[in-house]
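Colleague: Could you take a close look at one part of this protein for me, the nonpolar core? I'd like to hear which residues hold the most contacts there and what surrounds them.

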Amino acid sequence: MMTLDEIQNLADIEQVELFQNMLISRATGGDINENEYKILRNILINNSLIKDLLPKWIHTHRDVNQFWQFIKNKFRTYAERRAYLWEEFSPLLSYLEKLRVNPSLTNISTSLKKIDNDYIHNIWEKSLKRANTDPEGAITSARTLIESICKYILDERKITYNSSSIELSELYKLTAIEINLAPEQHNEQVFKQILGGCSGIINGLGTLRNKLGDAHGVSGKPVRPSPRHAILAVNLAGSMSSFLLETYQAQAI
């Protein structure tokens with residue numbers, strides 16, 4: 001049996017694979033450890049990055065016996081049970097494999113998970129999930145992520161702002177000044193240039209959604225964002241959000 005620390009030190013995809021294999025073992029006549037089942041289940045359903053992609057029935061089957069009664073009554077044969085569990089976990093494992101291929105996304109997810117804010121976690125998840133299937137939605141979520149990170153930092157620092165009408169560019173400027181990331185707060189030209197570029201990225205994200213949705217070509221049809229536009233927006237928003245958050249946290253130490 002693995003200890004709690006050993007399980008927690010596994011990557012997300014390793015935890016999911018371990019849990020899937022555990023369920024398959026029990027569904028096909030094997031024995032599994034009750035405590036290990038509960039530890040893994042609790043970790044997975046509380047992981048904001050993946051909990052919505054878990055099979056729904058995991059949330060209601062709190063111990064091994066409940067799972068056994070569920071799978072035993074659902075399918076008669078081992079082969080049917082095995083195939084069902086593979087299919088149920090396939091979307092989640094595919095998603096985690098995509099993150100593994102792009103380690104920068106995993107690093108961003110890890111950074112955002114350092115704060116206890118389900119809304120921010122959910123916005124990041126939506127950005128990732130929508131990038132290929134709903135580019136407009138992904139771009140909107142990417143912009144919302146930046147807004148939420150800026151507001152989180154300002155709220156933590158007790159900085160007042162007009163939360164209902166402030167533009168993203170102004171929100172970012174307030175945040176950058178507060179955590180010493182405004183170009184004018186530095187003398188070195190290279191830092192001023194990099195931080196000015198960061199400001200430009202935020203301004204671009206603030207207008208990308210409307211520009212793509214409202215632009216018209218010669219045919220009069222609106223130009224819609226493609227997955228590549230969404231992936232760019234999501235990666236930029238994630239990187240900037242992680243940078244802002246890591247900077248804020250470093251100053252708090």
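Modeller: Helices first: the protein has 11 of them and 0 strands, so going by the DSSP assignment, the order from the N terminus is just α-α-α-α-α-α-α-α-α-α-α. Keep in mind that this is a predicted model. Along the principal axes, the C-alpha atoms fill a box of roughly 65 × 55 × 35 Å.

Now for the inside. Of the 253 residues in the protein, 42% are buried. In soluble globular proteins, nonpolar side chains tend to be buried together. Here the largest nonpolar core counts 71 residues, and the members that touch the most others are Phe19, Trp57, Phe67 and Trp124. Helix α8, residues 135-156, gives this core its largest share, with 10 residues.

Let's zoom in on Phe67. Leaving aside residues up to four places away in sequence, Phe67 touches Leu23, Arg26, Ala27, Tyr37, Trp57, His61 and Leu85. Trp57 in that list is also one of the core members with the most partners, while Arg26 and His61 are among the other contacts of Phe67. Chain-wide, if you take contacts between residues at least 6 apart in sequence, 65% join residues at least 24 apart.

As for the outside, the accessible surface comes to about 13500 Å², and carbon and sulfur atoms account for 51% of that. The protein carries 29 positive and 29 negative charges, and the mean positions of the two sets are 6 Å apart.

Key: Residues are numbered from 1 along each chain as its sequence is written. This is a predicted model: local features need pLDDT of at least 70, side-chain atom pairs count only at pLDDT 80 or more; totals for chains, interfaces and linings use all residues. Side-chain values use heavy atoms; hydrogens and water are left out. Helices (H or I, at least four residues) and strands (E, at least two) are DSSP runs, numbered from the N terminus. Buried means under 20% relative accessible area, exposed over 50%, partly exposed in between (1.4 Å probe, protein chains only). Contact means heavy atoms within 4.5 Å. Accessible areas come from the Shrake-Rupley method with a 1.4 Å probe; for residues, only the protein chains shown count as cover. Lys and Arg count as positive and Asp and Glu as negative; His and the chain ends are not counted. The place of a charge is taken as NZ of Lys, CZ of Arg, CG of Asp or CD of Glu. A nonpolar core is a set of buried Ala, Val, Leu, Ile, Met, Phe, Trp, Tyr and Cys residues joined through side-chain atoms within 4.5 Å.
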